[in-house]
Amino acid sequence: MSLGQQLHPHLPFLRRYARALTGSQAHGDTYVRATLEAIVAAPDEFPRDVDPRLGLYRTFHAIWSSSHLEDSPGAVSTGSRETIANARLSRITPLSRQALLLTAMEGFSDEDAAYLVDVGPADIESLVNEALKAIEEQTRAKVLIIEDEPIIAMDIETIVRDLGHDVTAIAVTRDEAVREARAERPGLVLADIQLADDSSGIDAVKDILSEFSVPVIFITAFPERLLTGERPEPTFLITKPFQRSTVKAAISQALFFDEATAPA
């Protein structure tokens with residue numbers, strides 16, 4: 001099998017990685033094209049002692065780190081999940097961004113990622129943590145909790161604050177939730193369905209969304225009330241009893257793709 005045939009299956013994934021790394025498909029494709037041209041021009045210099053995919057990404061990184069095109073990234077617009085993600089990633093230092101994308105998106109091991117960016121394996125974890133911390137700082141938000149059970153509300157509040165966010169209020173009824181949302185517009189709403197006065201968290205969220213857009217995570221013991229297939233179902237739905245890690249992941253994911261908090 002020729003080198004070209006070995007590399008061909010990996011090219012779509014390299015283009016995806018280059019797009020996320022640089023912030024635009026056109027900009028990323030420029031690097032991929034340069035990578036392939038370098039391989040064609042000097043095939044004997046292609047790393048033969050590693051898996052072809054590793055060699056391809058290693059060559060790409062050599063091109064990317066030496067071309068100095070990072071100073072002129074492609075334009076990143078807001079309004080879609082991908083472009084919002086690109087805007088956030090562009091704010092992370094290049095080496096940390098590489099470490100995060102290689103491990104979290106491309107699925108490379110820490111050892112392989114270290115080989116690709118030419119650092120020690122022990123450095124990858126700290127680089128990834130640095131990138132995640134930068135993302136968390138970008139996505140700090142004010143959070144409204146709609147929950148009528150005090151112990152659960154306190155648990156959710158602790159999770160929210162541990163992630164570095166502020167809690168604007170804990171509402172226990174539909175009317176209170178709407179009033180609190182109007183008073184200080186939150187950047188995220190965490191809502192139960194069954195509330196203290198037999199009012200509905202679903203109705204509270206509908207009222208809030210009729211006035212402004214905000215990501216919502218439902219945390220409920222009655223998921224069947226939302227998973228009906230009769231209307232658009234919520235993107236984020238957590239079933240009680242919940243794992244704290246699940247709530248944390250949902251909060252981070254919801255805010256990461258929220259246009260309102262995307263970097264300018």
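1. Glycine 23 comes directly after helix 2 (residues 11–22) and has a positive phi, near 105°. Helices (H or I, at least four residues) and strands (E, at least two) are DSSP runs here, numbered from the N terminus. The model is a predicted one, in which local features need pLDDT of at least 70 and side-chain atom pairs count only at pLDDT 80 or more, while totals for chains, interfaces and linings use all residues. Residues are numbered from 1 along each chain as its sequence is written, and side-chain values use heavy atoms, with hydrogens and water left out.

2. Helix 2 has 12 residues, which at 1.5 Å a residue should span 16 Å; the end C-alpha atoms are 16 Å apart, so the two agree. The expected span is 1.5 Å times one less than the number of residues in the helix. Leu11, Leu14, Tyr17, Ala18, Ala20, Leu21 and Thr22 are the buried residues of helix 2. Buried means under 20% relative accessible area, exposed over 50%, and partly exposed in between (1.4 Å probe, protein chains only).

3. Helix 2 packs with helix 6 (residues 94–105): the axes come within 10 Å and cross at roughly 145°. The contact involves Arg16, Tyr17, Ala20 and Leu21 from helix 2, and Arg97, Gln98, Leu101, Leu102 and Met105 from helix 6. Contact means heavy atoms within 4.5 Å. Axes are lines fitted to C-alpha atoms, for helices over the stretch in contact, and angles run from 0 to 180 degrees between N-to-C directions. Of the residues in this contact, Tyr17, Ala20 and Leu21 also appear among the buried residues of helix 2.

4. On the chain as a whole: the secondary structure comes to 12 helices and 5 strands. Of the 264 residues, 46% are buried. Among contacts with a separation of 6 or more, 69% are between residues 24 or more positions apart.

5. The 5 strands form an open sheet with parallel pairing, in the order 2-1-3-4-5. Strand 2 (166–171) and strand 5 are the edge strands, each pairing on one side only. Neighbouring strands are turned by 15° against each other on average, direction ignored. Two strands are taken to pair if DSSP finds at least two bridges between them.

6. Helix 9 (residues 150–162) packs on this sheet and touches strand 1 (142–146), strand 2, strand 3 and strand 4; its direction makes about 165° with that of strand 2. Helix 11 also packs on the sheet, touching strand 1, strand 3 and strand 4, and its direction makes about 170° with that of strand 4.

7. Strand 1 and strand 2 run parallel and are joined by 5 bridges. Valine 143 has valine 167 of strand 2 as its bridge partner. With helix 9, these strands make a right-handed β-α-β unit. A crossover is right-handed if, with the strands pointing away from the viewer, the path from the first strand over the helix to the second runs clockwise.

8. A second right-handed β-α-β unit is made by strand 3, helix 11 (residues 201–209) and strand 4. Strand 3 (residues 188–191) runs parallel to strand 4, with 3 bridges between them. Opposite valine 189 stands valine 216 of strand 4, and opposite alanine 191 stands phenylalanine 218.

9. Strand 4 also pairs with strand 5 (residues 236–239), in the parallel sense, over 4 bridges. Isoleucine 217 is bridged there to phenylalanine 236. Strand 4 (residues 216–220) is mostly covered, with 5 of its 5 residues buried. Val216, Phe218 and Thr220 lie on one side and Ile217 and Ile219 on the other, so both faces are covered.10. Helix 12 (residues 244–256) has 13 residues, and at 1.5 Å a residue these should span 18 Å, which agrees with the 18 Å between its end C-alpha atoms. Its buried residues are Val247, Ala250, Ile251, Ala254, Leu255 and Phe256. Lysine 248 is also found in helix 12; at 31% relative accessibility this lysine counts as partly exposed. Not counting residues up to four places away in sequence, lysine 248 touches Ile159 and Leu163. Lysine 248 and aspartate 162 are 86 residues apart in sequence and 9.1 Å apart in space, C-alpha to C-alpha.
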